[in-house]
Each structure stands twice: as structure tokens, then as C-alpha cells.
Amino acid sequence: MERLSEGPVYERCLAALDEHIRRYFVERDIQATLAQYHDNAVGLGTGRGETAMDPASLREIVRNDLGGYTSSVELDIKTRAFYQVTPEVVISQMLLDFSITNNTHRMTLRESRHNLVWHLPAEGDPRICHVHVSFPTDLHGEEEPYPLKELEEVSQVVDELIHNRTQSLTESYRRLEQMVVRDRLTGMYNRVRIDEVLEQEVVRASRYQRHFSVIFLDLDHFKQINDNHGHLVGDKILKSLAKHIQGNIRETDTAARWGGEEFLIVLPETELSEAVQVAEKLRQAFEVRPFQLDGYEIPVTLSMGVACCQDGDNIEAILTRADKALYRAKANGRNRTES
């Protein structure tokens, strides 16, 4: 995959992206915007729970967004870049701030990431084939839940959709859906899916007054492992941890790779004391199983932060408490569980 900075393909993509920005953010023109989408375009938005694994759903999201707020959006584009995957497929990435004013209320979102996969036909205008918008978060915001390397893999399925090189479009959409909710390295769920689970649990907790808990777990001294043994060994340890987590939680629990060496587990119908017991079981079982590499052992330990949903909690509140507990575990010597 090559980053573009000049040349005819770059100029063509830049013009298409500028046109999209004008239509979507400035003119808020539904029909003109939809005209830029390929017939098989799909997409999703991390942080807002919007998924569109078929073309009709994506178009409905666009209509609702543009129709729900028709005024121009104040836009500040921080960065933008283009990456050529194949002669006919290019990824554009933007990092931007934008503000919406509704009557006297002003809402500003900063560092929103907009990723678009474009099809460049030999003749005619470029068309958007896949959309991913990841909204900013104050918690672990440096981690991109849908990184460029995964977009490259998505582009391969998008390429099939463009050219209908498959017996079943439904099967391609299913493959695409799995790609965008699964972590590429470990096969676990990623931030996209775990955000949906958290939203569901918060709604259930509010409606039925049933508690749930979350566990943040982090590999201790993981940078040191990568530095001493290499990233390939680090990747193997992450996959080993993912397998360990999946083998030691209930079927009703959901685990995901949150980012880097950090994982999150959501435990429905679980009080704080029970969640602490689950965390300790995971930590102790992993501690006594050092990672084997070429005849010698690499000791690996975990730090855990546990929190339980309280009345009136939103997702950010419970994750913040779990995150603070994790940092206490780190500060108090690592290889421990805090709540």
C-alpha cells in the first residue's frame, strides 16, 4: 500500500474528497451526497453504534444525518492522507474538528477520524465504497479502533463488491461485518463490537435495575517484552492471552481487545465482588503459565481494574472507574487486581 502525495491519482482523489466535503458538510445535500456512493457501499461509525452492512442501511444513515440537521457544519480539517491499495482502490483518511450550532446550543467534536474507501473506475468519477467514522473518546483516545492496515483488508472485500466477483453478495457482506467487529491479530471482538455490548448493558441496567461489571486488564511491562524479544513474540503473547481470556469466562460474558496490550471484559448480571473474583482467577492462572519461547520461559503478568455499574452511570463513567482502578494496580506494583 502506497501513500500518495502527488500525481494524477492523488489529484483525482483530492478533488473527489473536496467535493464530498462540500456536499456533505457545507451544502448538506442528500441527493448530491448519495450520488458519490457506489451501489454496493457499506460502512459504520464507531462511537455512535451505527452499522450499515448493506447499501440500503448506509443510505438511510446518510439521509437521517443530513435530513436531521440541514445547516452547514463548521469544519476544521487537521490532516488528510491518501493510500493506494490497488490501481482502482484508494483509502482517504481525515482527522477533523467540526461544530454544529442548533438554536443557542453549540456542539463541537474534536479529532474525529473519517476513513473512506474509494473506487476509481477507468472512466467516470470516483465513488465511495466503504465508510468508517470513529468519534473521539477521552478514554484511551490514542488507540484507533479501525486502523489503516485493517482498512486495507476491508478493501479486498470491497473490491469484490464493486466487481461482483462473488456468487453471493450476502456472503461478502457477512465477511465484511466479521472483519469490522473482530481484532485482526487475536480474533477477539474489537472496540466496535464491545461498544455495542456496553450500550446494551447500560440500557438493561437502567431499565431493569440489574448490575453488570467490567474488567480492564493489561499486560505488565509489555513494551519491555517487545523491546527484548521483538514484536512477533509480543504478538504471540497477545494471542496467547486472548485464548486464555476466552477459555476462562462465561458464555454470557463478552471480551474484546481494547487496544494495544489492553483488553476489556463485560460481565452481565455480575456484582463487583463477583467480578473481582473472576479477575483474580484470570490473573493467577495466567501468572503461573509463563510463555514458552525456544526452550526458555518469559514470565508474563497482568494488572486488573474492576468496576460495577452504578445507578445513573453511562458508559464513560463505568469505564473511567475501571481505568482508574487499573492504573492503581499498576502504581501499586502490578500483577494485582484493584476495584
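This note sets out points on helices H3, H7 and H8 and on two buried residues, lysine 330 and glutamate 338.

1. Basis. The structure is a predicted model, in which local features need pLDDT of at least 70, side-chain atom pairs count only at pLDDT 80 or more, and totals for chains, interfaces and linings use all residues. Residues are numbered from 1 along each chain as its sequence is written, and side-chain values use heavy atoms, leaving out hydrogens and water.

2. Helix H3. Helices (H or I, at least four residues) and strands (E, at least two) are DSSP runs, numbered from the N terminus. H3 spans residues 55-68, 14 residues in total, and its first and last C-alpha atoms lie 20 Å apart, close to the 20 Å expected at 1.5 Å a residue; the expected span is 1.5 Å times one less than the number of residues.

3. Faces of H3. Buried denotes under 20% relative accessible area, exposed over 50%, and partly exposed in between (1.4 Å probe, protein chains only). The buried residues of H3 include Pro55, Leu58, Arg59, Val62 and Leu66. They lie on the same side of H3 because they cover an arc of only 95 degrees around the axis, the arc being that of the directions from the helix axis to the C-beta atoms. Ala56 and Gly68, on the other side of H3, are exposed.

4. Helices H7 and H8. H7 (residues 222-229) packs against H8 (residues 231-246) at about 135 degrees, their axes 7 Å apart. Axes are lines fitted to C-alpha atoms, for helices over the stretch in contact, with angles from 0 to 180 degrees between N-to-C directions. The pair is therefore oblique, given that angles under 35 degrees count as roughly parallel, over 145 as roughly antiparallel, 65 to 115 as roughly perpendicular and the rest as oblique. Phe222, Ile225, Asn226 and His229 of H7 meet His231, Val233, Gly234, Ile237 and Leu238 of H8.

5. Lysine 330. This residue of helix H10 (residues 315-331) is buried at 17% relative accessibility. A polar contact is a pair of N or O atoms within 3.5 Å; within protein, one must be able to donate a hydrogen and the other to accept it, and residues adjacent in sequence count only if both atoms are side-chain atoms. The lysine 330 side chain makes such a contact with the side chain of aspartate 218 at 2.7 Å and reaches the backbone oxygen of leucine 219 at 3.5 Å.

6. Glutamate 338. Located in strand S14 (residues 337-338), glutamate 338 is buried at 15% relative accessible area. Its side chain forms a polar contact of 3.1 Å with that of asparagine 332.

Conventions: Contact = heavy atoms within 4.5 Å.
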